[in-house]
Amino acid sequence: MSSVSGSSSTTEPSQRWRIDLEYDGRDFAGWQLQPGTATIQGAIEDALTHLLGQSVRVAGAGRTDAGVHAAKQVASFVTTVERPPERMRGGLNRFLPSSIACLSAQPVPLTFDPRRDPHVKTYRYTWLVRPSRSPLREGRVWHERRPLEVSTMHTAVQAIVGTHDFTSFRAVGCSAKHPIRTVPEACVEAVGDEVRLEVRGTGFLRHMVRILAGTLHEVGRGKRTLDEFVAVLEGKDRTQAGPTAPASGLLLADITYDE
């Protein structure tokens with residue numbers, strides 16, 4: 001481990017820090033630590049160890065899958081090393097790989113828990129809808145060569161707004177204690193040559209947004225009717241839903257916390 005000059009004594013009181021992060025998930029096997037595999041959490045913990053000169057464990061607001069990106073992920077850690085916020089942010093970025101950036105770093109109460117404190121996540125799924133692929137957006141979209149019925153997709157997704165049993169959109173192996181989730185807002189809209197699904201919620205099941213995107217894709221292609229989409233939700237059966245959409249099109253767009 002590289003030594004770091006200016007580290008404070010470990011007799012200093014502990015301070016919890018909140019860090020907001022942006023990352024390209026293509027080089028990683030997801031957020032969560034996995035032995036012998038590159039992960040977002042592992043890269044951040046390695047960077048903090050080099051920066052602070054002590055082992056640090058990082059807790060995230062959620063566990064993004066392999067290949068999934070984040071415009072804003074929130075994490076926290078505790079250290080006895082003192083740093084001004086701008087030096088914590090700048091120093092962390094110096095040791096992070098180019099595919100991960102710390103957007104901000106700030107001291108927070110020791111009780112702050114990025115995962116359990118009340119918050120709302122916004123996920124965005126993006127299709128590129130045009131005949132030719134886009135080298136500049138490779139790994140960030142699901143390329144669809146044929147038009148999608150955007151208005152029908154938007155109407156369909158309104159069925160998930162509210163509190164529902166999302167068993168049909170729950171991946172096998174999901175460790176959540178129950179399938180009930182609340183979605184206050186969901187929409188599908190066309191933006192240039194892209195079609196974007198945005199879903200806001202207080203919590204999500206494993207692959208929930210990707211399975212939702214795969215099912216809505218079938219609606220957009222005319223392979224499912226609106227009634228059939230509603231029947232999938234009400235059926236509480238994963239086998240009735242569409243395929244799990246590719247991870248490349250999914251982005252954790254935002255996380256907001258109650259004041």
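The lining of the largest pocket mixes residue classes: 14 are nonpolar, 13 polar and 9 charged. The model shown here is a predicted one. In it, this pocket holds about 1,100 Å³ of space. Its lining is made of 36 residues. Nearest the centre are R63, R115, F204, L205 and R206. Look next at which elements build the wall. Strand 5 (119–129), strand 8 (180–183) and helix 4 (208–220) each bring at least two residues to the lining of the largest pocket.

How is such a space found at all? Rolling a probe the size of a water molecule over the atoms shows where empty space is left.

Now move to the second largest pocket. Its volume is about 350 Å³. The lining counts 21 residues, and Y23, H69, A70, R140 and L251 lie nearest the centre. Several strands give two or more residues each to this lining: strand 1 (15–23), strand 3 (69–79), strand 4 (100–108), strand 5, strand 10 (194–201) and strand 11 (250–257). Which of them gives the most? Strand 3 does, with 3 residues. By class, the lining of the second largest pocket divides into 8 nonpolar, 6 polar and 7 charged residues. Strand 5 is worth finding in the picture. It supplies residues to the lining of the largest pocket, and it also serves the second largest pocket.

Next come two helices. Helix 1 covers residues 40–52, and helix 2 covers residues 85–95. They pack at an angle of about 115°, and their axes are 8 Å apart. Is the crossing left-handed or right-handed? The crossing of helix 1 and helix 2 is right-handed. On the helix 1 side, I44, A47, L48, H50, L51 and L52 make the contact. On the helix 2 side, M88, G91, L92, R94 and F95 do so. Sorted by class, this contact has 8 nonpolar, 2 polar and 1 charged residues.

Turn to the loops. Two residues there have an unusual sign to look for. H207 sits in the loop between strand 10 and helix 4. Its phi is positive, about 65°, although H207 is not a glycine. K236 lies in the loop between helix 5 (226–235) and strand 11. Phi of K236 is also positive, near 55°, and K236 is a residue other than glycine. Is K236 buried, exposed or partly exposed? K236 counts as partly exposed because its relative accessibility is 44%, which falls between the limits of 20% and 50%.

Two more loop residues complete the walk. A29 is in the loop between strand 1 and helix 1. Its relative accessible area is 24%, so A29 is partly exposed. Leaving out residues up to four places away in sequence, A29 touches Q34, T37, A38 and A66. A29 and F169 are 140 residues apart in sequence, and their C-alpha atoms are 22 Å apart in space.

G67 belongs to the loop between strand 2 (59–60) and strand 3. Why does G67 count as buried? Its relative accessibility is 15%, and buried means under 20%. What does G67 touch, not counting residues up to four places away in sequence? The partners are G25, R26, F28, A247 and S248. D24 gives a distance to check: G67 and D24 are 43 residues apart in sequence, yet 7.7 Å apart in space, C-alpha to C-alpha.

Conventions: Residues numbered from 1 in each chain as written. Predicted model: local features only at pLDDT ≥ 70, side-chain atom pairs only at ≥ 80, totals over all residues. Heavy atoms only, no water. Axes fitted to C-alpha atoms, helices over the stretch in contact; angles between N-to-C directions. Helix = DSSP H or I, 4+ residues; strand = E, 2+ residues; numbered from the N terminus. Left-handed = near helix turned anticlockwise from the far one by under 90°. Contact = heavy atoms within 4.5 Å. Nonpolar A, V, L, I, M, F, W, Y, C, P; charged D, E, K, R; others polar. 1 Å grid on protein atoms, 1.4 Å probe; cavity = no way out; pocket = protein on both sides within 12 Å on 5 of 7 lines; lining within 4 Å. Points joined across faces, edges and corners; volume = space filled by probe spheres on them. Buried < 20%, exposed > 50% of the residue type's maximum accessible area, 1.4 Å probe, protein only.
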